[in-house]
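Me: Please take a close look at a single helix in this model. I would like a connected account of its extent, its packing and its charged pairs.

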Amino acid sequence: MAHGQYGVDLDALDQVIKELNHVLKEMGDSKSTATNSTYLPKGSLGEGFKEEGELYGAHAKMKGDIEKMMHLVESLIDTFGKKSSKVRGAYQDAEADNTMNLK
């Protein structure tokens, strides 16, 4: 490569995309757990005590906050993965154009 030029490692971009997709897949399990398996059934901690409403309210708020965070992180990773794929495609196209122009 001539001085002042740079190169892009398409294999490294492929690896980033692969790893991001793996993270998204793994997050699916955590997101499902946060949504479907994190609950506090009424009466499970007793009934009629002074702090009962506050306790269940705090649990519901925390569950909602966790679900929002999971969604935000998932969206961020998905967006970054899609952008990485577009960048990879653009560099691959540019490489192909350069190869054709050299012939």
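**A close look at helix H2**

Reply: Glu67 is counted as partly exposed because its relative accessibility is 26%. The model is a predicted one, and this residue offers a convenient entry to helix H2, since the side chains of Glu67 and Lys63 meet in a salt bridge with an N to O distance of 2.6 Å. The two residues are separated by about one helical turn, because they stand four residues apart in H2. An α-helix has 3.6 residues a turn, so residues three or four places apart point the same way. The partner, Lys63, has a relative accessibility of 19% and therefore counts as buried, the limit being under 20%. This salt bridge thus joins a buried lysine to a partly exposed glutamate.

Two further charged pairs in the helix may be described in similar terms. Lys61 forms a salt bridge with Asp65, and the closest N and O atoms are 2.8 Å apart. Both residues lie in H2, with a spacing of four residues, or about one turn of the helix. Lys61 is exposed because its relative accessible area is 53%, and the threshold for that class is over 50%. Asp65, at 27% relative accessibility, counts as partly exposed. Lys82 forms a salt bridge with Asp78, for which the closest N and O atoms lie 3.1 Å apart. Because Lys82 and Asp78 are four residues apart in H2, about one helical turn separates them. Asp78 is partly exposed, with a relative accessibility of 29%. The count of salt bridges comes to five.

The helix that carries these pairs has 51 residues. From its first C-alpha to its last, H2 reaches 75 Å, close to the 75 Å expected at 1.5 Å a residue.

The packing of H2 comes next. Its buried residues are Glu52, Tyr56, Lys63, Met70, Glu74, Ile77, Gly81, Ser84 and Arg88, and they pack against H1. Lys63, already met as the partner of Glu67, belongs to this buried set.

Met70 and Ile77, two of the buried residues of H2, also belong to the largest nonpolar core, which has five residues and further includes Leu20, Leu24 and Met27. Helices H1 (10–36) and H2 each supply at least two residues of this core. The largest share, three residues, comes from H1.

Leu20 leads from this core to other contacts. Leaving aside residues up to four places away in sequence, Leu20 touches Ile77, Phe80, Gly81 and Ser84. Of these, Ser84 is found in H2 and counts as buried because its relative accessibility is 6%. With the same exclusion of residues up to four places away in sequence, Ser84 touches Leu13, Val16, Ile17 and Leu20. The contact of Leu20 with Ser84 therefore appears in the lists of both residues, as contact means heavy atoms within 4.5 Å.

His71 completes the account. This residue lies in H2, which spans residues 52–102, and counts as partly exposed because its relative accessibility is 43%. His71 and Lys31 are 40 residues apart in sequence, and their C-alpha atoms are 7.9 Å apart in space.

Methods:
Residues numbered from 1 in each chain as written. Predicted model: local features only at pLDDT ≥ 70, side-chain atom pairs only at ≥ 80, totals over all residues. Heavy atoms only, no water. Buried < 20%, exposed > 50% of the residue type's maximum accessible area, 1.4 Å probe, protein only. Core = buried A, V, L, I, M, F, W, Y, C linked by side-chain atoms within 4.5 Å. Expected span 1.5 Å × (residues − 1). Salt bridge = Lys/Arg side-chain N within 4 Å of Asp/Glu carboxyl O.
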